Amino acid sequence: QVQLVESGGGLVQAGGSLRLSCAASGIIFRVNTMAWYRQAPGKQRELVAQITPVRNLDYADSVKGRFTISRDNAKNTVYLQMNSLKPEDTAVYYCLAYSGSNYWGQGTQVTVSS
């Protein structure tokens, strides 16, 4: 059974930082591209960042220079370090693993107050 469990969300003031974690089980983690998506109320889910098995990185323009995605294959975990947070970063953040099939986590709420 595949499980992706996100943690690290919460309430933070603008300019602050949060680190999200996504622990995976039931998949061969090292061969999966891992990604973070987010969905704000009334908006479509959007890609925030992704990291391939060979650690190629991709970021949404809105988070470049502020967010950093990383992975630890020994711990089957992907991280999203979020700095200089803005109110518009408020959303539910989801972890995705894909290698032929897509697997989603349950999401973690990030709220940035102004």
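Which side chains meet in a salt bridge at 2.7 Å, N to O? The side chains of Glu46 and Arg38 do, and they return in the fourth view below.

A few words before we look closer. This is a predicted model, in which local features need pLDDT of at least 70 and side-chain atom pairs count only at pLDDT 80 or more, while totals for chains, interfaces and linings use all residues. Residues are numbered from 1 along each chain as its sequence is written, and side-chain values use heavy atoms, with hydrogens and water left out.

**View 1. Strand 9 and its partner strands.**
Strand 9 covers residues 91–98. Strands here are DSSP runs of E with at least two residues, numbered from the N terminus. Six of the eight residues in strand 9 are buried, where buried means under 20% relative accessible area, exposed means over 50%, and partly exposed lies in between (1.4 Å probe, protein chains only). Two strands pair if DSSP finds at least two bridges between them. Strand 4 (residues 33–39) runs antiparallel to strand 9, and seven bridges join them. Look for Met34, which stands opposite Ala97 in strand 9. Strand 11 (residues 108–113) also pairs with strand 9 in the antiparallel sense, over three bridges. In that pairing, Val92 faces Gln109 of strand 11 as its opposite residue.

**View 2. The hairpin of strand 9 and strand 10.**
Strand 10 (residues 102–104) pairs with strand 9 in the antiparallel sense, with three bridges. Here Ala97 stands opposite Tyr103. Three residues lie between the two strands of this hairpin, and Gly100 takes a positive phi near 100 degrees.

**View 3. A four-stranded open sheet.**
Follow the strands in the order 1-3-8-7: these four form an open sheet with antiparallel pairing. Strand 1 (3–7) and strand 7 (67–72) each have a single partner strand, so they stand at the edges with one side left without a neighbour in the sheet. On average, neighbouring strands of this sheet are turned by 15 degrees against each other, direction ignored. Such angles run from 0 to 180 degrees between N-to-C directions, and the axes are lines fitted to C-alpha atoms, for helices over the stretch in contact. Strand 7 and strand 8 (residues 77–82) run antiparallel and are joined by six bridges. One pair to find is Thr68, opposite Gln81 in strand 8. A handy thing to remember while tracing strands: in a regular strand the side chains alternate between the two faces of the sheet.

**View 4. A network of salt bridges.**
A salt bridge is counted when a side-chain nitrogen of Lys or Arg lies within 4 Å of a carboxyl oxygen of Asp or Glu. The structure holds four of them. Let us start with the pair from the opening question, Glu46 and Arg38. Glu46 is partly exposed, at 35% relative accessibility, whereas Arg38 is buried at 6%. Arg38 also meets Asp89 in a salt bridge (2.9 Å, N to O). Asp89 lies in the loop between strand 8 and strand 9 and Arg38 in strand 4, so this pair ties together parts that are 51 residues apart in sequence. Asp89 has another salt bridge partner, Arg66, with the closest N and O atoms 2.8 Å apart. Because Arg66 sits in the loop between strand 6 (57–59) and strand 7 and Asp89 in the loop between strand 8 and strand 9, the pair links parts 23 residues apart in sequence. Arg66 is buried, with a relative accessible area of 11%, and Asp89 is buried too, at 1%. Salt bridges that share partners join Arg38, Glu46, Arg66 and Asp89 into one network.

**View 5. The disulfide of Cys22 and Cys95.**
A disulfide is a pair of cysteine sulfur atoms within 2.5 Å, and by this rule the count comes to one. The sulfur atoms of Cys22 and Cys95 are 2.1 Å apart. The link is left-handed, with -80 degrees about the S-S bond. Cys22 lies in strand 3 (residues 18–25) and Cys95 in strand 9, so the pair ties together parts that are 73 residues apart in sequence. Cys22 counts as buried, at 0% relative accessibility, and Cys95 counts as buried at 0%.

**View 6. Two loop residues with a positive phi.**
Most residues other than glycine have a negative phi. Arg55 is not a glycine, yet has a positive phi of about 70 degrees. Find Arg55 in the loop between strand 5 (46–51) and strand 6. Ser84, also not a glycine, has a positive phi of about 50 degrees. Ser84 belongs to the loop between strand 8 and strand 9.
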